[in-house]
Amino acid sequence: MFFQKHPISWLLAIMVIFLTGCASPRAPTGGPDDILPPVIIEEESTPNYQTLFNEEKITITFDEWFTLKDVFTQLVISPLMPVQPKVEQKGKSIVITLPDSLKEETTYTINFGNAISDLNAGNVLENFAFVFSTGTELDSSKLTGKVINAVTLAPADAVWVMLYPVGEDSAVYKRKPEYVAKTNKDGFWSMANIRSDSFAVVSLKDDNLNFLYDQDSELFGWLEEHIYVSTPAAVLPQMVVFPKEKVSGIRDVIHTVPGWMKLIVDAPLPKPFPELSPPLDSAITVWEGDTLHLWYNPEKNYGGEAILNGDTTKIRVSTGTSPVSSPLRITALSGRLHPLAEARFFMRVPYTYVDTSKMSLVNDSLGPIPFSVQTDSIIRRTISVTARWNPVARHTFLLLPGAVTDVWGRMNDTMRLSVVSIPADQFGDLTLSIDGLDSTKKYVVLIKTGELVAERFRIEQQSSTQWKKNGIPAGKYTIEIIEDLNDNGVWDTGDYQTRRQPERKMIFTPDAMRAAWELESKLTWVQ
């Protein structure tokens, strides 16, 4: 009777039931995220931390599907085995097939690093280690430490820290270490299950992964003092890795035009001068990094040999055209100048004569203004001009024909070089206060913007000092202090064969320099 009396209500009820029944099923929402790494099923795995271990294979089974990646770089086995074990993924298990020549009475650690993670969420089982002993006891001592790069002072990532038995310093070149650990991205390393003994400790950025210091490109370092492992845990002193010192030699010769050669010389400072055979008279030489420039009379078009440390490099006569007919060029090195700064101009080819009577300086608004010229008597490639620069004004440095003569006898044509000065309040003033120094040593201080050295100064026989510079362009700077042991004005790397550690340095990053600022920075050298 209800359906007869209420046909519309009946139809609505049928539609609700139909729509409810046809709704798509949905997964429950709001469940917890998967944040757990794979869990080892102990009863299905080879027991960890065994003694008197003599099995051929190790099986590690997990409770879920997982991925095993970067095993070649992540897996660390210590002590090193005579043959690298075979590591395979089989279903939800890792199977390790061991070599048949393990040492007796030895504790082995197989550390997987970050190689194991679950399949779906990527949760990493960090630094899982399987440990076993072929003897009756497990060695239990643990060492930790940190390695930094001696050049940048940044943490040294993926560097091997290696232990050798004491007694053979040349072992790093000949055979693999007994214990190894690998630094993480923060430079920290950890090594566990080490036997009680004395060891030499070295660190190596192993480019060819053979655990030998046998590549010139490999970074290397070592602890001066041997260690004796006896306590349950110890933190070792911080280590530094450094590049190998360049072996003196001529890497390349560039002789594209008569009258100008470039010899690329790999050698520490001070750079040795190669011997030329036959000799080249009246040549002007300038070092620019690893490049030795030689300018000579183009009419001679030199051909011969360069000799350095007994090695001979052929120098062929240039097939290029003579540069004598090309114009002499001078370019401005300075950007926008502080009103008290000097303007600097640069020549690719050194000059032999500068005639200041053929030079003038004009303020484009006020006319000629007084100026003075300073030449570089050693490198002879820069000319500096000092004047009372009018802020927010353009100046023209005028060179009449013959104002400059270079080593090839070329003279300049009329040249107009622009100089722009801006107000002093667009610059800042920097004051550095440095203490904690050893007054018996010498130091070099570099003020750098990026890799460019903007300013440098030396400190000698002082335990503290103050340095001030006005008119510093706004920007970010780093301050690098070098303990200059050999007094050559640059940082020098170390040498393992002579047991010379790299020169110490410290790098500071003060607040950014801003326009119209007086920035004071206090730096302390840590002995």
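Modeller: Two strands count as paired if DSSP finds at least two bridges between them. This is a predicted model, and in it threonine 449 of one strand stands opposite leucine 452 in β38.

Colleague: What makes β37 and strand β38 (residues 452-460) a pair?

Modeller: Eight bridges join β37 to β38, and since the definition asks for at least two bridges, the two strands are paired; they run antiparallel. They also form a hairpin with two residues between them, and glycine 450 in that turn has a positive phi of about 65°.

Colleague: Which other strand is joined to β37, and by how many bridges?

Modeller: That strand is β40 (residues 478-483), which is joined to β37 by six bridges and runs antiparallel to it; within this pairing, leucine 446 stands opposite glutamate 480 in β40. Strand β37 itself (residues 442-449) is mostly covered, with six of its eight residues buried.

Colleague: Why is serine 282 called exposed rather than buried?

Modeller: Its relative accessible area is 73%, and a residue is called exposed when that value is over 50%, so serine 282 belongs to the exposed class. Serine 282 lies in the loop between β20 (275-277) and β21 (284-288). Its C-alpha is 6.7 Å from that of tyrosine 296, although the two residues are 14 residues apart in sequence.

Colleague: How do you know which strands stand at the edges of the open sheet with the order β3-β6-β8?

Modeller: The edge strands are β3 (76-78) and β8 (129-133), because each has a single partner strand, and one side of each is therefore left without a neighbour in the sheet. The pairing in this sheet is antiparallel, and the twist averages 10° from one strand to the next. Between β3 and strand β6 (residues 107-111) there are three bridges, and the bridge partner of valine 76 is asparagine 111 in β6.

Colleague: What kind of pairing is found in the open sheet ordered β39-β36-β42?

Modeller: The pairing there is mixed. Strand β36 (residues 427-435) and β42 pair in the parallel sense over seven bridges, with leucine 430 opposite leucine 519 in β42.

Colleague: What makes β32 a strand with pairing on record, and which strands are its partners?

Modeller: Strand β27 (residues 343-346) pairs with β32 over four bridges, while five bridges join strand β31 (residues 371-375) to β32; both counts satisfy the requirement of at least two bridges, so both are pairs. Both pairings are antiparallel. As examples, phenylalanine 346 has threonine 382 as its bridge partner in β32, and serine 372 stands opposite threonine 386 in β32.

Colleague: How many residues of β32 (residues 382-387) are buried?

Modeller: Five of its six residues are buried, and this word is used because their relative accessible area is under 20%.

Colleague: Which residues have the most contacts inside the largest nonpolar core?

Modeller: They are Ile330, Phe345, Trp389, Phe397, Leu399 and Val404, in a core of 22 residues. Among the strands that each supply at least two residues of this core are β27, β32 and β33 (393-399). Leaving aside residues up to four places away in sequence, phenylalanine 397 touches, among others, Phe345, Leu361, Phe371, Val385 and Leu417; these are called contacts because heavy atoms lie within 4.5 Å.

How values were computed: Residues numbered from 1 in each chain as written. Predicted model: local features only at pLDDT ≥ 70, side-chain atom pairs only at ≥ 80, totals over all residues. Heavy atoms only, no water. Buried < 20%, exposed > 50% of the residue type's maximum accessible area, 1.4 Å probe, protein only. Axes fitted to C-alpha atoms, helices over the stretch in contact; angles between N-to-C directions. Core = buried A, V, L, I, M, F, W, Y, C linked by side-chain atoms within 4.5 Å.
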